[in-house]
Amino acid sequence: MQSETADERSRSRCTPKILERCMQETAATMQCESLSLQSPITALQFVGDFILSGEGAGVSLHFLNSTSGRGEKRIGDVLKNYRVHGIETRGGSDGSEPTVLAVYGGKGVAVIELDAGGGEPELRRVGPLYELHDWIWDLRWLRSDEQPAGHLALALGHNSVVLCDYWEQRSLREVHCEEKCILYSAHFVGGCWDELVLVSGTVFNQLVLWQMDGPLDGQGRVRAGRRISGHSGVIFSIDYRQESGVLASASDDRSVGLWRVGDLGRGAEGETQCLLRMYGHQSRVWRVRLLEDFVVSAGEDSACLLWTYSGEVARSFRGHRGSLRALAVSEDQQWVATGGEDSAIRLWKIGDEEPEDVTIIRLQLGDAEGVGSPKALASVDPTLVLVMTDSGGVYSCCLVSGRWKLLLEDQAYRSYGLLSAAALPSGSVLCALGNIQGCLKIFPVFRPELAVERREHRGKVHSLSWASLDGQGPDQCNLFSSGPEGEMLWWEVSWAQDRLSWVGRGRFVLPACKHRWHTCAAFAPGLPYLACGNRRGSLLLYSTDEGPEPVSELPGLHGKSGVTSVLFHGGLLHSSGRDGFCRQLRVEAGRLGLLRCQRACGWVERLLPLEPSDRDGPLLGIGFRAADFVAWGLESEQRPVLRVPCGGGHRSWCFSGSVSPAGLGLFAYIKSGGVYACQWRGRREAGAMVKEGAHGRDITSVRLLGRLEAYTSVLATASEDTSVNVLALHQASGRLTKLADISDHLSSVRAMAVVRGPGPSALLFTAGGRAQLRCSRLLFGPEDTNSGLRCRVEQLGSHRLSEDWERRKNRHRMLKMDPETRYMSIVVVDGGMDSEGNPHSSWHYLAAACSDGAVRLFIIDESEKNILLLAESFYHQRCVLKLQTFTHQPASGSQVVFLCSAATDGRIALWNISGIIETAKAADIRQERTRPPLELGSPCLVFVAHQCGVNGLDVRSLDDGRFLLASGGDDNAVRIWVICITPRAGSDSALSPSSSERQEEAGSGSREDRGDVAAEDSRGWSDLGVVADGWSLDGGLALRVLKGPGAESAHAAHVTGLRFLGSRMLVSASIDQRLSHWALSSRCLTLIHSRWCQVADIAELESWEGHPAGTHLFALCGDGLQVLKSWQTGTDGLAPETDSTDARGPR
């Protein structure tokens, strides 16, 4: 009761006219505007040589015949608080006048115009937002003698149609259908009110057709002309083609329906015939459009399918990273445009015939007795396939003539045989065979009678591979063979003047493991090193001048399925594996250093240069995904450039040639005892990129990595699609440019933390599902690109709780961790490691909030590239949502590090973790990787902050041992707490106002009232009710939490982000899509400005100082990413100070 009384006294003093006037002045001068937006594309419309897109509440203009981003125009907030659902062009324009368009979505409609004449095109508003009482599903411009040009027909969400005069901003008439239900879609047919027919997609999985001037029932509602049933799910999209009388519907049941309904221009009544139900999408179908020869559909499975009217899939357009939200077609220009949840826009050409590369032919080996069945393939020429059979024969097949030829036959290679081929720079082709007796046979393909055979191994030859070496002659190549006991031999093979010779150049020993043989090998250009991968998944580095043992090893890098290829390209080593990852490594001073790990499009079998002659150009990955053989560009967001339906991964297959636009390529494989081949000439990437994409699912976290220039900031965004994007934000233009895409997580990425390094660099910590934690170093530098920047990613370490548990001793006595554990929040803890002479200066401490109720503390050793679980505590016993940290420096003694944790029960706990940090410093615990983690102990102090989960948390230092703590909960409240830390002996002493408060009070408010405000708030934060007391045994400190001001209904939904802009200003964000500024004093928390944001389901808020001084930038993430800018126009208001004092340290 005492604390409540004190709180009431505190709140009673926040009504003086002086304070109220100061708040009003601040609100009047506060400005906030949107700077940049990256959100799902929800509407598309072709207009001449342009395409318009709806993104959030705004409309953007893109060029069809230019590179991505050139001349992009945008009008923001066209629909204010509504998301754009559709864009409708008013007909009748001859091109000499601006094109008028109606933009609609939610409950609003607005009119804009596109002026494309006389130079640069321009988008501009021509009318205000007109709001209705219900959701708008479709819109039609009405043109006739009776209806002026500004009359619109609007289909509403409860199966009614409104006739409105947009320019007069009033409704003229509203008619209702007798079918009283909610609609999921609607489509108008007709151009004038008397002939207008609406096709409604109802919640009852039906299509209802009714006419505006149709007959009425007894309640004055229009009778339905007909009802069409057939779908087992709701209908999301409808289209109608007048010439053929065909209606199309896209449904939740993953199907597209075609119905013959006749000429709807004559009325809604008539007979209906179901033509087709087409199934091809793997998930819900969102959009459908009808063309003369094709039906186009777009779905949640990221696919845009082009159907024939016979129900066959003619083309499948894939390239987006998430669900497709928008679809538009231009039948005149033969374009299909798709917009996705990844905020990308792509163009696909309708008129292109399906390339012949998907035509698969079976190569008839022959039916003669003794030919045998094929068991191995090889190819180095797109016109030639080499086949080895189980009868010991090696055959060649010329794809130009279709003729087979027996090259040689040896019964010693009948039961077991390996086949590998290589092309020499001189143009000759060499083939190598290996058998179970340890024999090797090498021969030129066009002179097989000159084969040379030796027995070089004491047992079975496990693998063969070829590698080229710089400086060798055009008639030389290198062969590597693996035999028993991990022996790998290096042979230099020469073919010159019709003479074949091969000599041993070296012997290497592979590390002991169950499957002890190599799978691939490559020489380092200009360095005396050989890199190879083995069947265990390890990457090995050997010196060609030294002994047989590896000089560097990364064991199990690609998992138990093995390494599939290694390639030196662009000065780096690239590796791939069947684990679905591609990795970049650096070879320096005889050591392998992992730089980057990238999730690939599927099961990766090989990495190749896109252009064979370009050593620094883009790379191509080939492998298998689901039932297809695919090739994709590693730098093109995993978009396949080649897809062959072969049935999935095969034990024997071969690939040769190129997928470049001028290249010839071949893919051959063995299936069901037959040899199948797919050959192509010329490949170009399907579709053109109009707008670059981002994440394919919700963005869960955003962090500032640093500021490189006054107007350039670098951000990192994490998503549920398992990727992290590094973006450059140009404040002057608001343009966001992707610098890097980090795709190395197994599950969704939920949290990030950053240590901003010296110069243009940063350490990025990412954590999320499957209890996975990763650390990367980001290096920024100039580059001649659109953004002017480049980002190099170097991986420093990875940690998973399941792997950590496997390494522990006596783990059978321990409870195994939950494999579904997720990291909800992470924060970098200031462990005092940056002091001079500190032997652990490369250490970083990271605290993690976990879904299994634990608070965990990790050590990241930057120099050793190692992550170690140091300590943990399960005190909360429920999901921990948020963490924050701050440090306190007592008058005497060492620095004390505190941790704040908040859980789903609304409790906030304060931990003193200084003792754990000192224990880690005193003992070299890095060597004790098998030991269980230390006990974090119990918190010093716990108090109830909210009725339920706490999703927003921020800390700011006042001084004199006092800290402001802001919390935002699922109960929609924002509350301020004061944490007071004093020596235990002086814990009862009164707390006077801090020096920073006195400075802020003296500098805030208007000139004539500053003295009165300072007097009104002279007692500072001391006269507040005590919520909880506690103490820390480490250091003898007393802790006290005082309850400050708060706002019980600060937002209309969960508060998910809080940031202090000084000790007198707070910013909050919520799922209600509002960014709110609050004036903060010890007596009250007053709302001074609130702005609606275009990002739905806001998950996190990040803030930093912009340019010029006094400007703040805010990044909001959720269903998209939006950056906003706020500033104050006057100098007498309550300006948010930007001092450098921050108790949190690096975030």
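Me: In which loop is the place of proline 1108?

Reply: In this predicted model, proline 1108 follows a cis peptide bond that joins it to histidine 1107, with omega at about 5°. The place of proline 1108 is in the loop between β85 and β86 (1112-1118).

Me: Which element gives the most to the lining of the largest cavity?

Reply: Two or more lining residues each come from β67 (823-829), β71 (880-888), β76 (950-959), β81 (1055-1060) and β85 (1100-1105). With four residues, the element that gives the most to the lining of the largest cavity is β81.

Me: How do the residues of the lining of the largest cavity divide into nonpolar, polar and charged?

Reply: The largest cavity holds about 150 Å³ of space. Its lining comprises 18 residues, and Arg703, Lys882, Gln884, Leu953 and Arg1059 lie nearest its centre. By class, the lining of the largest cavity divides into seven nonpolar, six polar and five charged residues.

Me: Which residues lie nearest the centre of the second largest cavity?

Reply: The second largest cavity encloses about 80 Å³ of space. Its lining has three nonpolar, five polar and five charged residues. Of the 13 residues that line the second largest cavity, those nearest its centre are Glu341, His695, Arg697, Ile699 and Gly1120.

Me: Why does glutamine 334 count as partly exposed?

Reply: Glutamine 334 lies in the loop between β27 (324-330) and β28 (335-340). Glutamine 334 is not a glycine, yet its phi is positive, at about 60°. Partly exposed covers the range between buried, under 20% relative accessible area, and exposed, over 50%. Glutamine 334 therefore counts as partly exposed because its relative accessibility is 29%.

Me: What is the relative accessibility at which lysine 865 counts as partly exposed?

Reply: The place of lysine 865 is in the loop between β69 (855-861) and β70 (866-873). Lysine 865, a residue other than glycine, has a positive phi near 55°. Lysine 865 counts as partly exposed because its relative accessibility is 30%.

Me: What is the accessible area of the nonpolar patch that Ile182, Tyr184, Val203 and Phe204 form together on the surface?

Reply: Isoleucine 182 has its place in the loop between β14 (170-176) and β15 (183-189). Isoleucine 182 counts as partly exposed because its relative accessibility is 45%. Joined with Tyr184, Val203 and Phe204, Ile182 forms a nonpolar surface patch whose accessible area together is about 340 Å².

Methods. Residues numbered from 1 in each chain as written. Predicted model: local features only at pLDDT ≥ 70, side-chain atom pairs only at ≥ 80, totals over all residues. Heavy atoms only, no water. Patch = residues over 30% accessible without salt bridge, like charges linked within 9 Å, V, L, I, M, F, W, Y side chains within 5 Å. Areas by Shrake-Rupley, 256 points an atom, 1.4 Å probe, with all protein chains shown as cover. Salt bridge = Lys/Arg side-chain N within 4 Å of Asp/Glu carboxyl O. Buried < 20%, exposed > 50% of the residue type's maximum accessible area, 1.4 Å probe, protein only. 1 Å grid on protein atoms, 1.4 Å probe; cavity = no way out; pocket = protein on both sides within 12 Å on 5 of 7 lines; lining within 4 Å. Points joined across faces, edges and corners; volume = space filled by probe spheres on them. Nonpolar A, V, L, I, M, F, W, Y, C, P; charged D, E, K, R; others polar.
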